[in-house]
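Let's take a walk through this structure, from the whole assembly down to a few single residues. Keep the 3D view open as you read.

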Protein chains: 2
Amino acid sequence: MTLPAPTYPLSIAANQIKRSVMRDLIALASQPEIVSFAGGLPAADHLPLPEVETCLEAVLARDGRRALQYGPPFLPLREWIAGYMRQRGVRCGVENVFITNGAQQALEILGRLLLDQGEAAVVEALTFTGIAQVMDAHGARLRAAALDLATGVDPDDFEAALTRGGRARVGAVIPDFHNPAGASLTLPKRQQLAAAAARSGIPIIEDDCYSLLRYTGETLPPIKAFDEAEQVFYVSSFSKIIAPAMRLGWIVAPAPLLPKLTVLRESIDLESSQLLQRVVTEFVTRGLLRPHLGALNAANHERRDALLDALERELGSRARWAAPSGGLFVWVTLPDEVDTAALLPRAFEHKVAFIPGVNFSVEGRYTNCLRLNYSNNVPERIRLGVRRLAAALDEYGAHG
Amino acid sequence: MTLPAPTYPLSIAANQIKRSVMRDLIALASQPEIVSFAGGLPAADHLPLPEVETCLEAVLARDGRRALQYGPPFLPLREWIAGYMRQRGVRCGVENVFITNGAQQALEILGRLLLDQGEAAVVEALTFTGIAQVMDAHGARLRAAALDLATGVDPDDFEAALTRGGRARVGAVIPDFHNPAGASLTLPKRQQLAAAAARSGIPIIEDDCYSLLRYTGETLPPIKAFDEAEQVFYVSSFSKIIAPAMRLGWIVAPAPLLPKLTVLRESIDLESSQLLQRVVTEFVTRGLLRPHLGALNAANHERRDALLDALERELGSRARWAAPSGGLFVWVTLPDEVDTAALLPRAFEHKVAFIPGVNFSVEGRYTNCLRLNYSNNVPERIRLGVRRLAAALDEYGAHG
């Protein structure tokens, strides 16, 4: 039975909003016979189940019913985050830390804080779809800043974009293991971006969900570490480093704005779960994060190597990519004449899936690129998937 | 060290939004020496800790890492909710059930679906502050419909308000054990409100978080049960019937709107916790809800009786109230000349707290009223609190 759509008016936002192509695609690709490089899930077989069980038991034994009640943002969690941020070189106290339901809610709250209908915002030429979605939902006109696939956004172009054709309200940058590009900003670029925010007087959101997922090379300080002018909102999440079902993330913001963030968030969903806040606190204060990340990143490293080897073997003459030093994604550039959105149905026929590059471009560019997630497949499946991808590409080349 | 406020522009919403007086007040009242009637918390000593522990263990043992990963809205939870709604007399399938992070997020998503800046919305003359906050955040102009303190909103005035001075986009009603008034709608009023939504073509949000908290009398079907025209959005939550830290609620909506709700929610916070969705499903499918509600409502009943007896004894000649048949609140009306906002500082001096009635009125009325929560204090504390309230009122009467 198909019901008729309602006859009453919906909001402008509800009428404008597009069905999420990526969500549909990831759902379609989740059938077990398909090797899916489409999602952005952390390694399912490395989620820290015994550790979370231990922490849950400890929290319920110690805190009892307080862990099930309403309550203020959990202070020991904010304290741990502030300490972690200081280790990363950020001047941060508990008064700067705002708890959210994951990085996506952090982005939504900052969109609500900073954006109005018709105002401009700057994103990278390739950006996480959740950033573009939030800015769309708040009526922003999006401008794209040029991006280098190995070293991330161009700070000069980013700074120019902030004021090109009128002052933007906000810019957004992903510093490490960029989603989707895999790129990490060099140290000078981080310093230049902090300086650009200070000079322009326009705040930047630094969406840093991946920097702890490094398996080779040196971790750099975030842009926020160079933010003397307090113009950078730092955003991160426990979803990729502990588990998505914790639904917890945070914002580092100027202390005078925290009451504002609190009220803006209150009407969205009141607060984060006391239980999950305490479980995550237990996890990090027991020192479980470092060993967990060690095992997780070792697995990711092996999977990345499997993917890069397979790409070299199967697509070496037809594709280019940069090797990321962490994170979840490899970005692949095919010859200009390949349209990866048109390649996708053939890939599905060959039982392999990816996200076409155009989905990450607010300008409709990168049509010959694709994003491959390697964290959520074992090496054997990765090799199988790349063979299937090469076969789909052969067929596409033969038939257009 | 006080940091300067930022110099960049904030959004219209961020500039307009008011600090939440109620949140500040509830925080202030949480000092242990104060008897707080201010909050809206379920009975802390009756939160189902052993049951939640059992369900957590069962879920982690059975579902393992799937309970920690990203995932779609948990189908068995949607199925249970659909069955529960059918028991309440609502025509409801799984295709109508949308999972949210509590009722507050349900309200936010419906605000996002239905409201635009400057459009009108109808609320009850007394309403839950979270409803008014959401509508404010989406730029709505609020109209109030008349309310009877025993039998709830006046359907004729509500219907008239929907089109008074231009068509409203939406109305909102609390059917059972109204927050703050304690009132429950009669059966004819429910039928009239469903008819009003059908006749006007303007959708109504039915915010029903309390109907399972009944300890005497007969449970009536929700307004949604009479909603032949599919004009009613039904909203409810597990916060008051299981535990707030589950952060789960739901919307019953027309099936064609569910993809829209999904996309509108995606940019807010992606999804609800797989772990908590599975724990709540385990709780309800194991049949733990009915016995838990039995014990909880018995405790609430005893606490309500303690409050009503104490009010009669201490304030019988100076105040009026209706006895609710469930829920968390008693609404007290004092003589017209008493300003309960002015009484509150004296009450704090006497170490008792409540919420002044004006906080629940979008018109600034009910200045001689106050809301008392009885669920989160044992009878002895309730009696002590009412004695203190009477003393504060004596002093207020003597000194103005």
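Start with the two chains. Lay chain A on chain B and the RMSD comes out at 0.0 Å, after a turn of 180° and a shift of 0.0 Å along the axis. The two copies are thus related as by a two-fold rotation axis. Bear in mind as you look around that this is a predicted model.

Now look at where the chains meet. On each side of the interface there are 69 residues: 69 from chain A in contact with 69 from chain B. Several helices of chain A give two or more residues to its side, among them H1 (12–16), H3 (49–63), H5 and H10 (274–285). Helix H9 of chain A has the largest share, with eight residues. The copies meet through the same surface, because 100% of the interface residues of chain A are also interface residues in chain B.

Helix H5 of chain A deserves a pause. How far apart should the ends of this 13-residue helix (residues 102–114) be? At 1.5 Å a residue it should span 18 Å, and the end C-alpha atoms are 19 Å apart, which agrees. As for its surroundings, 13 of the 13 residues of H5(A) are buried, so the helix is largely enclosed by the rest of the structure.

Next, step back to see how a single chain is divided. The domain assignment splits chain A into domain 1, made of 12–48 + 291–399, and domain 2, covering 67–285. Their centres, taken over C-alpha atoms, are separated by 25 Å. Where these two domains of chain A touch, domain 1 puts in 28 residues and domain 2 puts in 31 residues. On the domain 1 side, the elements giving two or more residues are helix H11 (289–315) and strand E12 (329–333) of chain A. H11(A) provides the largest share there, five residues.

Strand E12 of chain A leads us to another strand. E12(A) pairs with E15(A) in the antiparallel sense over five bridges, and Trp331(A) has Arg371(A) as its bridge partner in E15(A). E15(A) also pairs with strand E14 (residues 355–356) of chain A, again antiparallel, over two bridges; here Pro356(A) stands opposite Leu370(A). Is E15(A) enclosed or open? Five of the five residues of this strand (residues 369–373) are buried, so it is largely enclosed by the rest of the structure. In a regular strand the side chains alternate between the two faces of the sheet. You can follow that here: Cys369(A), Arg371(A) and Asn373(A) point one way, Leu370(A) and Leu372(A) point the other way, and all are buried.

Hop over to chain B for a sheet with more strands to trace. Seven strands form an open sheet in the order E2-E10-E9-E8-E7-E3-E4, with mixed pairing. At the edges are E2 (97–100) and E4 (141–145) of chain B, each pairing on one side only. On average, neighbouring strands of this sheet are turned by 20° against each other, direction ignored. Along one edge, four bridges join E2(B) to the antiparallel strand E10 (residues 249–252) of chain B, with Ile99(B) partnered by Trp250(B). Helix H6 (residues 129–137) of chain B packs on the sheet, touching E3, E4, E7 and E8 of chain B, and its direction makes about 175° with that of E3(B). Helix H7 (residues 155–163) of chain B lies across E3, E4 and E7 of chain B, running at about 155° to E4(B).

Finally, a few backbone details. In chain A, the peptide bond from Asn179(A) to Pro180(A) is cis, with omega near 15°. Pro180(A) is in the loop between E7 (170–173) and H8 (187–200) of chain A. That loop also holds Phe177(A), which has a positive phi of about 50° although it is not a glycine. Phe177(A) is buried, with 25 other C-beta atoms within 10 Å. Over in chain B, Leu270(B) has a positive phi too, about 65°, and is not a glycine either. Leu270(B) lies in the loop between H9 (258–269) and H10 (274–285) of chain B and counts as partly exposed, with 19 C-beta neighbours inside 10 Å.

Technical notes:
Residues numbered from 1 in each chain as written. Chains lettered and ligands numbered in written order. Predicted model: local features only at pLDDT ≥ 70, side-chain atom pairs only at ≥ 80, totals over all residues. Least-squares fit on C-alpha atoms with pLDDT ≥ 70 in both. Contact = placed C-beta atoms within 7 Å. Pairing = 2+ DSSP bridges. Axes fitted to C-alpha atoms, helices over the stretch in contact; angles between N-to-C directions. Expected span 1.5 Å × (residues − 1). Buried ≥ 20, exposed ≤ 12 C-beta atoms within 10 Å, placed from the backbone. Domains from an automatic or database assignment.
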